[in-house]
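User: Here is a structure I have not seen before. Please explain the terms as we go.

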Amino acid sequence: MKVNVKSWHAVAQWQWDTGNDQDDDPEGDVCGICRVAYEGCCPTCKVPGDDCPLIWGECSHVFHMHCLLKWISTSSSKQQCPMDRRTWVTAERKVGGSKT
Amino acid sequence: MASISARRLAKELHEIQTEGCPVGINLLQADDFAAWQFTIEVMGESLYQGEVFTLLFRFDKHYPISSPAVQFVVTDGKTSPVHPHVYSNGHICASILGNEWSPVLSVIAVCLTLQSMLASCKKKERPPDNDRYVRHAPDNPKKTQFHYDGNSP
């Protein structure tokens, strides 16, 4: 039998590598500030992806970068991580991470 | 486009409506994303047995980056709990409503904190500066610079 492919659609899926095993806690993959999925975007952006990236703290907490920066820029934040109130230090982007 | 606060509050409201409130807390009114009301009572043994209070949350468009304005309702025959951190006009001196607010907190988290603040009360009394404060208090408790120092208000 001979098959002629006339057209095809490529389908791809992506997700941020947060370093956490997302299968363990599928409901927990939201930014703690806006409560939108990491794979979504912060409330001021329209398109998820590289234009609305995540930011990692040395304390291991993850947020939409825009959400975190909005918080850190207020005086009431005292430059602290919203989760543990430790001074926010942005971690180097983990390449490869622990995701297999 | 809906404001940042409206999107976040819509999510919180959906969660409340699908999962319900914690025991002792009930949603009274949430017609918009500007002001919500809850009833709050302390379950089990406490100094506030049988008392039901009403909490008013007011949100600005920067919530949750900016904290909600939270107070007890003292109109329409409602009263504020007699507590060392609660003024008779309903204003509350609680650090998480002020300098310890965090945008990962939520309306329900605030309700639970206030519920446990009442539950752990040892003596029903007003803050020592109640009269002076209430006389000059702003309408919005967020405009008050409370001094948080542990047990005394």
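Analyst: Strand β2 (residues 35–40) of chain B and strand β3 (residues 53–58) of chain B run antiparallel and are joined by six bridges. Within this pair, B:F38 stands opposite B:L55 of β3(B). This is a predicted model, in which local features need pLDDT of at least 70, side-chain atom pairs count only at pLDDT 80 or more, and totals for chains, interfaces and linings use all residues. Residues are numbered from 1 along each chain as its sequence is written, while chains are lettered from A and ligands numbered from 1 in the order in which they are written.

User: What makes β2 and β3 of chain B strands?

Analyst: Strands are DSSP runs of E with at least two residues, and helices are runs of H or I with at least four, numbered from the N terminus. β2 covers residues 35–40 and β3 residues 53–58 of chain B, so both qualify as strands.

User: How do you know that β3(B) pairs with strand β4 of chain B?

Analyst: Two strands pair if DSSP finds at least two bridges between them. β3(B) and β4 (residues 69–72) of chain B have four bridges, in the antiparallel sense, so they count as a pair. Here B:F57 stands opposite B:V70 of β4(B).

User: What makes β1 and β4 of chain B edge strands?

Analyst: The open sheet has four strands in the order β1-β2-β3-β4 (chain B), paired antiparallel. β1 (25–29) and β4 of chain B each pair on one side only. For β1(B), four bridges lead to β2(B), with B:I25 opposite B:I40.
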